[in-house]
Amino acid sequence: MHKVRFGSLWIILWLAGFLLPPGPARGQAGLADPWRGLGEVLAARDHAADEEIFSGFDDDPAPGQAHLDSSSARQGQPLTAWWPAWLELSGSMGLSASYNFAHEPPAPGEPDQRDFSRLRTALDVNADFTLPQNWRARIGGKAFYDAIHALRGRGQYTAEVLDQYEDELEFTELYLQGSLLPALDLKIGRQVVVWGKSDNIRVTDLLNPLDNREPGVVDIKDLRLPVAMTKLDYYTGDWNLSGIMVHEFRANKEPVIGNDFFTGSSASPLEEKPGLAWDNQEYGLALNGIFSGWDVSFYGAWFWNDQSHQEDTLAGIRRRYNHNAMLGTSMNIVRGNWLLKGEAAYVDGLEYSIAVGKKQRLDLLIGAEYNGFSETVVSFELANRHLFSFDERLKQSPVHGQRDELQSVLRINRDLFNDTLQLSLLLSTFDLTGEDGSFQRVSAKYDWSDSINITAGLICYQSGNNAMFQKIGDNDRLFTEIRYTF
Amino acid sequence: MKRQPTILFTAHAHHAAPARHLPRLFFLWLVLAAVALAQPALALTAREIMEKVDARDDGDNSTQTTEMILIDKNGHQRKRLIKAFMKDQGEDTWRIQFFIEPADVKDTGFLTYDYYHGDRDDDQWLYLPELHKTKRIASSDKSSAFMGSDFSYADMNRRVLDEWKFALMKESTVDNQKVWLIEAVPANKVVAERYGYTKSVIFVRQDIFFPVRAVHWVKEGGKIKYMEVKALELIDQIWVATETQMKTTQNQKTLHKTILKFKQIKFNQDIEQEIFTVRRLEKGL
């Protein structure tokens, strides 16, 4: 099945037109000829014209300006804070909804994925503690409850869906941070460590697992799952050596049977997770150099693959995780308004649900980001994952592997109305033309006030040769969220 | 540290004269001296005035808390609170800024190595706490809005004098203080592109060489921006605009305005180099 939903794609591309900065064709004054303004300047030398322009200073205060004050509420210490100065509470509350508009009516016995698929209230809170000697600590947690299941009838959802999508309560970041020596920092506890320069495609960024339960919909701040680790950073000159020991294993949060993002044909087998043991620790080492006009990093890691594979064991089929080794590098180069990116990672020890032995893979990424348009950032990244000693059996279900897997991401972000409105467009394709599937996401975030923002958007998936996208090709949805931040 | 000249307008040296001409010469000297003191503008070119503006002491380093108030045409306000550290490195300036408010951008940090000469791109890094990541920012274009305000990045930094052509327009008064009106036009297209202005007129207070007002003709959109110093204070013997407003207009209608209030200003503190690093950017305040 190869279904491409061109209608959704055209909507996305049409909306993209609003994201692009105004061009000369639009005939906006001063844009077609950048020196048109200079002509006006010369004309403005006329004394009377200048006087008229200079009278622009004599301005009544804007409505509300007369009420501006400099109360202590804006001095970094909220008036309402009843807690001690060494404690700072922050967080957000949100209400989000998703509407699936492309699903077909379900087959008998299948869950109905149409209409509203989310009506979620969420809360996340961070408590930051300021400790002596510039040490600090954070305790963070989040919770959500999705009422859509109760509203639509819990009976029509699988137990797995209710377990994973109806409610959640967990610690997020939980760490202690400070300097042991003037050039040596320690951060210990649950945390997120991001490796690499890429913003859209992961190559060397592998220390934290991901929340993949709703690809493209998960809030960016919740995408990486914190894990308990000890991180030591030593600084000398322009260099930083970072040593990491990961103590806690957390797997990716993946879609489960009954959810429309689940790509399997039957419920996932039982899972065997690595326990908390000395032999199960992960190790990482990063050497980062930051220089004028460019950065470079080198990485090495011995880590658990956060994505499971299936193994046929004496007890039956089980989902298991295996150790991988990675050597990688990343680089940034700045040239004017251009930021050029490069990343490479060689991963050894990959295992798949089809027993073909351990494999090696080389991931390469190149990318560029352009900041030359007014209030607009355009970035493009292209990555290829090459599997060495490719076994044709890997093309079969459930792996659906390829010798080379090409992915591209184009992202355009544009700020409007003095950063009140932020528009974002993301186009991602597998294979350059999207032959193996693609998705597009367009969203707008409006700052209603300093503490309340509203987000709305559309995400569309196009199925292709890739089996995963064939299963989620009709998961197109509208999404919205209102969030209060404190 | 940039030194402000202690004597801005000196009396010219006079040579010995025959005794019989002394009374007349003395009278003439008095008249000339009075004229010179009363009309110092006549002694300076626009470029020289701007050199003195540029040479005015602004401290080797400073710390401050900035309250940024964004006001749209309907009077709706948004506020940002930023803690900033600055340090001169020769002609260059290092800055690090941490957002304190609003809550959704709290702990966002911005580190800049601002190189005075325009042929070298600034080094900029942005720490985004939601992404747990420091992003390098490439932007030789200084015309973009600074944090969504009416100030551009160029407005927040010193201008390179050699990149502008200055002309003395006239004298006037602002708040009963005499000012020069200096016209500044970009020297070439590249400069105009980088700053985003086709012309500026700068109102420089004559007694302290401080720009108290400016009008900027924006290259795009037919907009005109008005900068106005609303409060000026002498702190540690350094003149500081403690409140500045920038207003963006189009067809004489206000589109948006920004008020910057600088508080808790401290100059010439013993600020360590370590502050201006990505390490500190990620650790926060």
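On the side of helix H5 of chain A that lies opposite its buried residues, A:Ala159 and A:Asp163 are exposed in this predicted model. The helix itself spans residues 159-166, and within that span A:Val161, A:Leu162, A:Tyr165 and A:Glu166 are buried. When H5(A) is viewed down its axis, these buried residues fall within an arc of 100°, and they therefore line one face of the helix. This arrangement accords with a general property of helices: an α-helix has 3.6 residues a turn, so residues three or four places apart point the same way. The cover over the buried residues of H5(A) includes strand E2 (115-130), strand E3 (136-146), helix H4 (148-152) and strand E4 (167-181), each of them belonging to chain A.

Chain A, in which this helix is found, contains seven helices and 21 strands. It has 486 residues, of which 48% count as buried. Among the contacts in chain A with a separation of 6 or more, 58% are accounted for by residues that stand 24 or more positions apart.

The confidence of the prediction was examined for each chain and for the complex. The mean pLDDT of chain A is 86, with 85% of its residues reaching 70 or more. Over residues 23-44 of chain A, however, the pLDDT is below 50, and this stretch has 30 contacts in the model beyond near neighbours in sequence. The pLDDT is also below 50 over residues 61-79 of chain A, a stretch for which the model has 37 contacts beyond near neighbours in sequence. Where pLDDT is low, the predicted coordinates should not be read in detail. Chain B averages a pLDDT of 86, and 85% of its residues score at least 70. In chain B the pLDDT is below 50 over residues 1-22, which have 23 contacts in the model beyond near neighbours in sequence, and again over residues 34-38, for which one such contact is present. For the complex, the predictor gives an ipTM of 0.85 and a pTM of 0.84.

Enclosed space was considered next. A search of the whole structure finds three cavities of 30 Å³ or more. The largest cavity has a volume of about 200 Å³, and it is lined by 21 residues, of which A:Gln113, A:Ser117, A:His149, A:Tyr157 and A:Asn259 lie nearest its centre. The elements of chain A that give two or more residues to this lining are E2, H4 and H5. The largest share, four residues, comes from E2(A), a strand that is also included in the cover over the buried residues of H5(A). By residue type, the lining of the largest cavity divides into seven nonpolar, six polar and eight charged residues.

The second largest cavity has a volume of about 100 Å³. Its lining is made up of 15 residues, and those lying nearest its centre are B:Asp114, B:Tyr115, B:Tyr116, B:Asn157 and B:Arg158. Strand E3 (92-101) and helix H3 (189-195) of chain B each supply at least two residues of this lining. The lining of the second largest cavity comprises four nonpolar, four polar and seven charged residues.

One of the residues nearest the centre of the second largest cavity, B:Asp114, lies in strand E4 of chain B, which covers residues 109-114. B:Asp114 counts as buried because its relative accessibility is 8%, buried meaning under 20%. With its neighbours within four places in sequence left aside, B:Asp114 is in contact with B:Asp92, B:Thr93, B:Arg95, B:Asp122, B:Lys142 and B:Asn157; of these, B:Asn157 is itself among the residues nearest the centre of the cavity.

Further buried positions in chain B were identified in a strand and in a helix. B:Gln124 lies in strand E5, which covers residues 123-128 of chain B, and it is buried, with a relative accessible area of 7%. Apart from neighbours within four places in sequence, B:Gln124 is in contact with B:Phe110, B:Leu111, B:Thr112, B:Lys135, B:Arg136, B:Ile137 and B:Ser139. In helix H2 of chain B, which spans residues 46-55, B:Ala46, B:Ile49, B:Met50, B:Lys52, B:Val53 and B:Asp54 are buried. What covers these buried residues of H2(B) includes four strands of chain B, namely E7 (164-174), E8 (177-186), E9 (197-205) and E10 (210-218).

Methods
Residues are numbered from 1 along each chain as its sequence is written. Chains are lettered from A and ligands numbered from 1 in the order in which they are written. This is a predicted model: local features need pLDDT of at least 70, side-chain atom pairs count only at pLDDT 80 or more; totals for chains, interfaces and linings use all residues. Side-chain values use heavy atoms; hydrogens and water are left out. pLDDT is the predictor's confidence in each residue, from 0 to 100. Contact means heavy atoms within 4.5 Å. Buried means under 20% relative accessible area, exposed over 50%, partly exposed in between (1.4 Å probe, protein chains only). The arc is that of the directions from the helix axis to the C-beta atoms. On a 1 Å grid over the protein atoms alone, a cavity is a set of points where a 1.4 Å probe fits but cannot get out, and a pocket is an open set with protein on both sides within 12 Å along at least five of seven lines; lining residues have an atom within 4 Å of a point. Grid points are joined across faces, edges and corners, and a volume is the space filled by probe spheres set on the points. Ala, Val, Leu, Ile, Met, Phe, Trp, Tyr, Cys and Pro count as nonpolar, Asp, Glu, Lys and Arg as charged, and the others, Gly among them, as polar.
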